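Student: I would like to go through this model with you step by step, beginning with the overall picture and then turning to individual elements.

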Amino acid sequence: MEDCRGPYGATGFLPQPNPSGSNTCYSEPSSHSFRGYINREINAFLWISLISVTFLLLRKLGKLFELWYKGGSIPGPSSPSFYGDSKLISQLKSSETFTDLLSRLHERYGPVIKLWLGPTQLLVSIKDVKLIKQMLVKAKDKLPLTERAFCLAFGRLSLFVSSFEKVQTERDFLAVELNSQLLQSSNMISKQVIDRVMERIHNIAVSGALDCQMVSQQMAFTILGATFFGDTFLTWPKATACEETFIMIAKEAYLWASHSITPFWKTAFWRYRALCKKLKCLTQDIIQQCMQKDSSHHIAREEPCANIMGLMFHGCQTTAVLIGDIIARLVTHPELQDKIYSEITLVRNGLQQQQDKQDVQDMLFLLATVYESARLLSAGQLLQRCSLKNEVNLKAGLTLPAGAILVVPLQLVQKDEFNWGGDATQFNPDRFLSVAEKGSDLVQMTSFKGFAEELVYPACNSYVLNDPTENAAFLPFGSGVRACVGQKFVILKVATLIASLLEQYEIRLQPGPLNDSKSMNNGVFQLLPSPNIVFSRRKS
């Protein structure tokens, strides 16, 4: 059988027309010619693949050499091996932290130091406040690890991604929604929320002692749930199961995200994925119920399910730590609790300021206490940023290469005597308060004892709460373009919660050897890890 089509081309198996235009027929190609065409096609494909891979590798190698070259101009220890300064980190004592290592390096090399974590990972730590402010404005991206952790746990989401360009619109929408809630409600937390919080706390107390960390977690979850879903969340029967699932995911989220290759072969990974799937089903359930009963909550209505899970996850972690820190200080130092309660009573009775509307924004010492607790928090050792595409040029003449891990050691900056005075390591809410006597300028308070004494005669002086963001060293909520959009919202929510609790209850340490106050340093507000506490209703 003859075929009158032309011969096969080298670029495929489509027959080519006869160049002479004649009707000459060709015999069916032999097996040898057919294998030749196949070999040429495969060779062409392999050459194209080789050239493409070589180009990509050379491009990555060029970026790596650029990172090494520009990283070499930054002060810091010289890398002893190709694998970086991992030996310095491995030699840390059990009682030391990574911040202790950075502290020693800053003392030796200056306010900006480098540390090679590996051949392709350059960490740059900045301690100088002016340089920190410049870096946080110019470095708009976050580390890819954060994005991987959230995406692996909650699915594809438009918040918590590394690139600022991709997340800017969502951040703006969230900021508008949170600020609108602040404007619409003078009472930041409703009585129903407080009653729900205390109901859950009493349920825990029946089964055993009240652990401060557990109580703060309960409070944070209830507050944020009511914020996103309204009163529907307070009667949701699956709230406890949802909270427990959040806690279990939080313990493993960054562990699984740290793998460069997702470990699909591990049974524990699939257990983790099952938890994530369960959380998604629970979140979809409360969103559906919220939409049916109350459509006024724009966040629940317009945000994707993954974004809401991410907000709850991140918000619960940070808010719970702040609440727990404040409660621990209140129970371990009763005089601080008494002073705040005195202020709450005066404001509630309208004795401190004669206004038609009284709210938590009039409780200046309470707000200062929240700010000071946030300043001294050690929940996050490092504030992390990066610039994925562009270099970061600082006025000091330093150039931070694109892709470098840029960190701020929060404990060093927020406890630095140069930034906060000689009592930087001590708990002193009055550093955020100023007093102005008639006809004089503002004078910053030096101790909360003086403030408490003046509460008895509130008309003598007028107090002003200083804006903490005016001090560039105040960084518990970040700074720059990627600062926490809910900073003011969280501060007022937490302050309102504490005011509502102290108005009705006295919070005390539970008697016992684990809560022995003799282990406390009376000169500095040194905290127990997580004291057991008791709520006692105040006499009306």
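## Reading the fold

Tutor: Of the 540 residues of the protein, 46% count as buried. Please keep in mind throughout that this is a predicted model.

Student: How many helices and strands does the secondary structure of the protein come to?

Tutor: Before the count, consider the contacts: among those between residues at least 6 apart in sequence, 68% join residues at least 24 apart. The elements that make up the secondary structure of this protein are 19 helices and twelve strands.

Student: In what order do the three strands of the open sheet lie?

Tutor: The pairing in this open sheet is antiparallel, and strand 3 (210-211) and strand 11 (505-509) are the edge strands, each pairing on one side only. Strand 11 pairs with strand 12 (residues 532-537) over five bridges in the antiparallel sense, and within this part of the sheet Arg508 stands opposite Val534 in strand 12. The order of the three strands is 3-12-11.

Student: What angle does the direction of helix 19 make with that of strand 11?

Tutor: Helix 19, which spans residues 487-504, packs on the sheet and touches both strand 11 and strand 12. Its direction and that of strand 11 make an angle of about 90 degrees.

Student: Which word describes how helix 8 and helix 19 are oriented to each other?

Tutor: The axes of helix 8 (residues 212-229) and helix 19 come within 12 Å and cross at roughly 120 degrees. The contact is made by Met219, Ile223 and Thr227 of helix 8, together with Phe489, Lys493, Leu497 and Leu501 of helix 19. Angles of 65 to 115 degrees count as roughly perpendicular and those over 145 as roughly antiparallel, so the orientation of helix 8 and helix 19 to each other is oblique.

Student: Is the crossing of helix 8 and helix 19 left-handed or right-handed?

Tutor: The handedness describes the way in which one helix is turned relative to the other, clockwise or anticlockwise. Where helix 8 passes helix 19, the crossing is right-handed.

Student: Which side chains of strand 4 point to one face and are buried?

Tutor: In a regular strand the side chains alternate between the two faces of the sheet. Strand 4 (residues 382-385) is joined by four bridges to strand 7 (residues 405-409), with the two running antiparallel, and Gln384 stands opposite Val407 in strand 7. Along strand 4 the side chains alternate, Leu382 and Gln384 pointing to the other face without being buried, so that the buried pair is Leu383 and Arg385.

How values were computed: Residues numbered from 1 in each chain as written. Predicted model: local features only at pLDDT ≥ 70, side-chain atom pairs only at ≥ 80, totals over all residues. Heavy atoms only, no water. Pairing = 2+ DSSP bridges. Contact = heavy atoms within 4.5 Å. Axes fitted to C-alpha atoms, helices over the stretch in contact; angles between N-to-C directions. Buried < 20%, exposed > 50% of the residue type's maximum accessible area, 1.4 Å probe, protein only. Parallel < 35°, antiparallel > 145°, perpendicular 65-115°, else oblique.
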